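Trainee: I'm new to this one and would like to look closely at a single part. Could you walk me through the largest cavity and what lines it?

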Amino acid sequence: MSVSRFWRKIPQRYNLVGTQCTNCGRHFFPPRSLCPDCRRSGHIVDHQFNGEGTVVTYTVIRSASDQFEHTTPYVLAIVELDEGPRLTAQVACLPEEAKIGMRVHSVFRRVAADGESGTIHYGTKFVPSE
Amino acid sequence: MRDVAVIGVGCTEFGEHWSTSFRDLFVNAGALALEDAGISGEKIDALYVGNMSAGRFVEQEHIGALIADYAGLATKNVPSTRVEAACASGGLAFRQAVIAVASGMEDVVVAAGVEKMTDVGTGASVDMLASAADREWEGFAGATFPGLYAMIANDYMNRYPLTREQLAQVAVKNHENGAKNPIAQFRNRISVDTVLSSSLVADPLRLFDCSPITDGAAAVVVVPLERAHEFTDSPVRVLASAQASDTISLHDRRDISTLDATVAAGKRAFDLAGLSHKDIDLVEVHDCFTIAEICAIEDLGFCKKGEAGKLTAEGVTALGGKIPVNTSGGLKACGHPVGATGIKQICEVVTQLRGDAGARQVDAEIGMTHNVGGTGATVVVHILGV
């Protein structure tokens with residue numbers, strides 16, 4: 001991924017900052033600049049999520065793309081944040097620990113790197129809360 | 001709007017074509033389709049080419065022009081357009097051709113699909129296919145395509161009574177059909193054991209739950225129904241063409257295990273044709289993974305949610321069953337050259353409706369195709385009949 005494309009998402013990736021439509025109250029992560037319900041009558045502001053959530057579904061990736069090959073196996077999940085929106089992220093736990101319905105909270109982690117001398121990508125992962 | 005008919009189909013063998021280039025794959029399929037339709041290149045008014053990612057698989061863009069050129073149509077100045085919707089590119093190219101003919105803008109139109117996937121390594125192709133989902137918010141986190149469908153499978157199996165064995169039966173059935181298809185990539189029969197002892201790709205999906213990396217091309221010729229008799233005695237009518245969208249990310253879906261775009265496109269297609277699922281004699285669904293066929297059968301309305309696994313295990317979807325699904329072998333056994341799959345589905349249904357399907361022939365007058373882009377962000381459904 002190009003440096004610029006990674007760099008401009010740092011506020012969201014490093015801090016779990018999404019958005020909220022103040023017209024209908026719905027939260028978004030990944031951030032949206034247009035509310036899909038209210039569309040042009042919506043008003044979007046930034047929202048800092050508290051990072052608490054629940055695993056909706058998950059898998060254990062055993063065969064990955066080149067960038068993630070060295071980290072296999074890893075747990076990938078769809079996490080529903082307590083404010084409502086869902087996101088796709090890794091859960092830093094053993095494959096056999098992962099369960100649908102488990103409570104998790106966000107942590108700041110190294111996600112991947114562009115080869116040996118390229119950009120290191122940091123971002124949000126989750127860890128079990130209990 | 002004019003009624004539209006398919007008058008010719010052509011498909012290369014699907015598989016690993018080490019000695020055939022991207023452009024030659026298309027030319028081979030195109031030539032077969034024109035020969036089948038009994039027409040020559042001068043008669044073609046327009047070309048629509050489904051292709052997902054030639055830019056990354058073979059580092060070639062400007063596919064419309066390349067295809068027109070090597071089909072011998074550039075010097076005739078025939079307009080040629082590339083259509084892209086990830087794995088639904090082929091189905092969407094067919095839909096564009098149907099729209100062009102139905103509207104009266106064009107008369108003789110070729111819809112084609114082509115992909116050359118084996119010129120890159122597996123890790124690179126996994127990365128390219130992941131771009132059919134949300135690259136910035138799914139791919140960034142390490143989501144692979146099998147991984148996303150594995151999350152659908154885990155959600156489904158957590159909520160509905162589907163066993164791992166029933167899921168494996170989808171692959172067993174599709175290999176059985178593929179064994180009877182001369183263009184299929186895999187023509188070997190497999191057992192439930194073969195599937196369950198294959199390596200895990202993304203839990204609970206194993207290698208034999210996944211469609212393969214494939215090279216291939218397919219092409220069809222469409223004309224106004226009123227002119228079909230000029231070319232053939234056995235035209236196949238396009239009874240409905242429907243398309244629907246959903247969120248690009250799986251995590252934003254209303255329901256992880258229901259592809260709402262399939263539900264919407266299926267319903268639109270049935271409404272347009274004035275038919276119901278009871279009228280369909282065979283269906284080619286997008287089984288990029290075994291769980292995808294389970295969801296497709298339900299989301300198109302052939303059974304209630306949660307019942308497709310049982311139906312598959314009982315043979316209802318096999319050749320000779322009440323509703324044969326993926327007589328071609330599907331994406332699983334026939335192979336999945338992403339941009340070509342949607343056109344291959346049309347080729348299979350047309351071949352079946354004409355009674356030319358040989359060992360895999362089913363008794364059919366009306367057939368359906370279901371082509372999915374990504375994890376369900378684009379779905380294209382067609383109904384064809386004789």
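Mentor: Start with strand 6 of chain A, since that strand gives the largest share of the lining of the largest cavity, three residues. Keep in mind as we go that this is a predicted model. Strand 6 covers 86–91, and helix 2 (10–15) and strand 8 (120–128) of chain A also supply at least two residues each. In total, 16 residues line the cavity. Look for the ones that lie nearest its centre: Arg13(A), Thr88(A) and Thr124(A) from one chain, and Trp137(B) and Phe140(B) from the other. Sorted by class, the lining comes out as nine nonpolar, five polar and two charged residues. As for the space itself, its volume is about 130 Å³, and the structure holds one cavity of 30 Å³ or more.

With residues of both chains around that centre, it helps to see how the chains meet. Here 29 residues of chain B are in contact with 36 residues of chain A. About 2700 Å² is buried between them, with carbon and sulfur atoms giving 60% of that area. There are also 13 residue pairs in polar contact between the two chains. On the side of chain B that touches chain A, helix 5 (122–130), helix 6 (145–159) and strand 5 (200–202) each give two or more residues. Helix 6 of chain B has the largest share there, six residues. That side is made up of 13 nonpolar, eight polar and eight charged residues. Three salt bridges link chain B and chain A, and if you want one to find on screen, try Asp203(B) with Arg62(A), at 2.8 Å from N to O.

Key: Residues numbered from 1 in each chain as written. Chains lettered and ligands numbered in written order. Predicted model: local features only at pLDDT ≥ 70, side-chain atom pairs only at ≥ 80, totals over all residues. Heavy atoms only, no water. Contact = heavy atoms within 4.5 Å. Buried area = accessible area lost by both parts, 1.4 Å probe. Salt bridge = Lys/Arg side-chain N within 4 Å of Asp/Glu carboxyl O. Polar contact = N/O pair within 3.5 Å; in protein donor to acceptor, adjacent residues only side chain to side chain. Helix = DSSP H or I, 4+ residues; strand = E, 2+ residues; numbered from the N terminus. Nonpolar A, V, L, I, M, F, W, Y, C, P; charged D, E, K, R; others polar. 1 Å grid on protein atoms, 1.4 Å probe; cavity = no way out; pocket = protein on both sides within 12 Å on 5 of 7 lines; lining within 4 Å. Points joined across faces, edges and corners; volume = space filled by probe spheres on them.
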